[in-house]
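Colleague: Please give me a close look at the salt bridges, with the pairs set out one by one and with the burial of each partner. I would also like to know on what basis the contacts were counted.

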Amino acid sequence: MTTTTLDSLLAHDTSDMLGAAATLPAQLPDGLARAERVREALQAAWPSDKGATPRTLVVCGMGGSGVGADLLPAAADVQAPVIAVKGYDLPGWVSDEDRVVCVSYSGATSETLACFGQALDRSVVAAVITTGGELAERARAEGIPVVELPSGMQPRAAVGVIFGALVGVADALGVVDDAQRVVDEAVAGASIVVDEHVGTGPEHGGDEPPALGMARQLHDKAIVVSGAGHTEAVAHRWKAQVNENSKVPCFANAYPELCHNELVGWEFARATGASWALVELLPFEASEAIRARFDITLRLVGESIDDVLRFDPSATTRAGATFEQLAWGDYVSIYLALLRGIDPTPVDRIHVLKAELAGR
Ligand code: PA5
């Protein structure tokens with residue numbers, strides 16, 4: 001690929017989503033440091049006389065702000081169940097034995113504010129993670145610790161700082177043992193991919209960025225992403241990134257469950273008229289049973305699929321593998337947008353919907 005062709009693709013990235021993706025390794029320790037700043041207040045939210053950990057850690061958040069709730073138990077060994085709540089209602093069972101963290105980049109998301117209100121009524125909020133907005137205002141008025149996020153980003157591009165902050169909060173509550181190690185491992189994994197994309201390409205005398213080659217394979221195809229274990233969360237992140245950055249549908253599922261339904265659904269996939277591509281995210285230290293399921297399923301469904309990308313992580317830890325495969329998805333989704341000739345950053349429809357809802 002010539003420099004000119006790459007330049008003309010990059011010209012679509014007017015809001016610099018590629019630049020944002022490259023900040024992932026630096027965001028992770030920044031998020032942890034932000035949680036550390038309010039550590040004493042966080043520890044007071046779960047005093048040691050109440051036990052080593054809350055019964056569960058409930059994490060409320062939507063979209064780009066909710067992904068940390070999936071990534072925390074995927075990447076870290078947690079000492080209590082982490083329950084993601086993506087909706088208006090805190091489960092009825094949440095009580096003083098549990099602790100709730102509300103995450104909203106804007107601090108203005110109605111579902112998260114609704115859960116925050118319910119958690120306040122039950123006196124179970126441990127912290128909020130936000131740039132400000134109503135969420136920060138109400139938390140401060142109630143003396144609840146606020147982990148402040150840096151402003152000016154897209155929520156989904158703040159995944160590193162949100163994750164780092166959430167791991168820090170979980171550590172202060174006893175739910176994670178060693179937040180620093182988790183973050184260091186995540187940085188190592190993310191860096192594998194970021195390093196391959198920063199300062200590469202023909203203008204630097206190299207080949208085209210590897211994620212661009214992958215995006216070419218996926219371009220104009222209906223994409224299905226499969227994970228297993230910790231990569232189930234990553235598959236859902238890929239799906240959301242392809243939706244928001246590339247602005248096309250994308251579907252995510254996980255082994256072994258997909259062997260009990262989706263496997264059959266591929267039989268007449270060609271009848272839909274779509275050209276299908278499969279992205280397979282093998283988990284870190286995949287068991288023989290899981291590897292066999294990936295292999296056999298691919299053989300069975302292969303004739304319905306035009307392209308397959310298989311990612312076997314090279315990171316040597318689970319947190320590293322999680323963020324390595326996540327970073328691949330971020331880059332591929334951005335290049336998919338650039339190949340379509342669109343700016344990956346704006347998500348106008350989300351704002352239209354939120355404005356319409358606010359007007360009702
Ligand atoms: O990527 C986005 O912009 C969305 O997925 C938002 O994260 C989502 O709408 C929730 O908003 P916020 O992150 O401000 O709570």
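Modeller: What follows goes through the salt bridges pair by pair.

This is a predicted model, in which local features need pLDDT of at least 70 and side-chain atom pairs count only at pLDDT 80 or more, while totals for chains, interfaces and linings use all residues. Residues are numbered from 1 along each chain as its sequence is written, and side-chain values use heavy atoms, without hydrogens and water.

Searching the whole structure gives 22 salt bridges (a side-chain nitrogen of Lys or Arg within 4 Å of a carboxyl oxygen of Asp or Glu).

One of them joins Asp-30 to Arg-34, whose closest N and O atoms are 3.1 Å apart. Both partners belong to helix 3, which covers residues 24-36 (helices, H or I of at least four residues, and strands, E of at least two, are DSSP runs numbered from the N terminus). Asp-30 and Arg-34 are four residues apart, about one turn of the helix. Their exposure can be read from relative accessible area (buried under 20%, exposed over 50%, partly exposed in between, with a 1.4 Å probe and protein chains only). Asp-30 has a relative accessibility of 26% and therefore counts as partly exposed, whereas Arg-34 counts as buried because its value is 16%.

Another pair consists of Arg-181 and Asp-178, where the closest N and O atoms are 3.8 Å apart. Arg-181 is partly exposed, its relative accessible area being 39%, and Asp-178 is also partly exposed, with 32%.

The pair of Arg-340 and Asp-220 has its closest N and O atoms 2.8 Å apart. Arg-340 sits in helix 14 (residues 318-340), while Asp-220 sits in the loop that runs between helix 10 (210-218) and strand 6 (222-228), so this salt bridge ties together parts that are 120 residues apart in sequence. With a relative accessible area of 35%, Arg-340 is partly exposed, whereas Asp-220 reaches 55% and is therefore exposed.

Salt bridges can also be linked to one another: Glu-36, Arg-39 and Asp-171 form such a network.

Taking the pairs together, the one within helix 3 has partners four residues apart, whereas the one from helix 14 to the loop before strand 6 spans 120 residues of sequence. As for burial, Arg-34 is a buried partner, and Asp-220 is an exposed one.
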